[in-house]
Amino acid sequence: MIRLIEDRQSRVDELPGFRTLPPAERALVKGAAREVALPKGALVFSQGQPSAYVWAVREGLVHIVKSGPGGREIVLEVIPPGEFFGAVVALEGRPYPASALAIEASTVWRVPSQLVREICQRHPTLRSAILALVTPRLRSAHERLQSVALEPVEQRLARMLLALAPKIGRAENGVTVLPITRQELADMVGTTVETAIRITSKWHKSGFVRSQRHALALADLAALRVLAAGED
């Protein structure tokens, strides 16, 4: 069950973009924002749904998932704490082009899209700031869709692990540990879990990664960069 938290002080106005607004506008954002507690697996919004809100992650992790022919899904983006999602289409008044899913127990902020659009009209720098934050992610999502058709699975997997490392990785005993399952990794690159297991097992034997329960430790980043570049 999704739980709306209305009695906790919201700090969404301190996110990049919002925090540069004049105090009166920041107060409007803070007053209209709500925090939503999400259990693991909860759907934040569905593909094709009207973009009623601009969202941001406070705690936890959200995946942006695109449905394709035959019901197959691919994870386009991984949204860590402190980042917006669903923002560009909300600013333009278009439906969400993909779904958002809480991959772990999370808390997210939501701000009515109409309010954000009105503030952007008065302060165009807010729109520019939001676009500057999310456009690189959107470009990466587009490139990921292209890579599904053009790049070998091993290259896509290596590229994904390197992209996730600065977002959700934690330093542990000299390696970077990613709290991710093989199924989640497979969904992110558009392959089967069996293929993801086979490739990561090969990497484990080569010393590139270390398999852990519900996690992968990146032990040789240089080797992964060579694979991600498609080099032999």
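Which residue in S13 stands opposite Ser 211? Leu 216 in S13 holds that place.

## Basis of the model

This is a predicted model, in which local features need pLDDT of at least 70 and side-chain atom pairs count only at pLDDT 80 or more, while totals for chains, interfaces and linings use all residues. Residues are numbered from 1 along each chain as its sequence is written, and side-chain values use heavy atoms, with hydrogens and water left out.

## The four-stranded sheet

Four strands (DSSP E runs of at least two residues, numbered from the N terminus) form an open sheet in the order S10-S11-S13-S12, with antiparallel pairing (at least two DSSP bridges between two strands). Because S10 (170-172) and S12 (209-212) stand at the edges with a single partner strand each, one side of each is left without a neighbour in the sheet. The twist averages 30° from one strand to the next, and four bridges join S12 to the antiparallel S13 (residues 215-218).

Helix H5 (residues 153-168) packs on this sheet, touching S10, S11 (175-178), S12 and S13, and its direction makes about 90° with that of S11. Helices here are DSSP H or I runs of at least four residues; axes are lines fitted to C-alpha atoms, for helices over the stretch in contact, with angles from 0 to 180 degrees between N-to-C directions.

## The nonpolar cores

The largest nonpolar core (buried Ala, Val, Leu, Ile, Met, Phe, Trp, Tyr and Cys residues joined through side-chain atoms within 4.5 Å; buried means under 20% relative accessible area with a 1.4 Å probe, protein chains only) has 25 residues, of which Leu 161, Leu 164, Leu 178, Met 188 and Trp 203 touch the most other members. Its largest share, seven residues, comes from H5.

Methods: Contact means heavy atoms within 4.5 Å. Buried means under 20% relative accessible area, exposed over 50%, partly exposed in between (1.4 Å probe, protein chains only).
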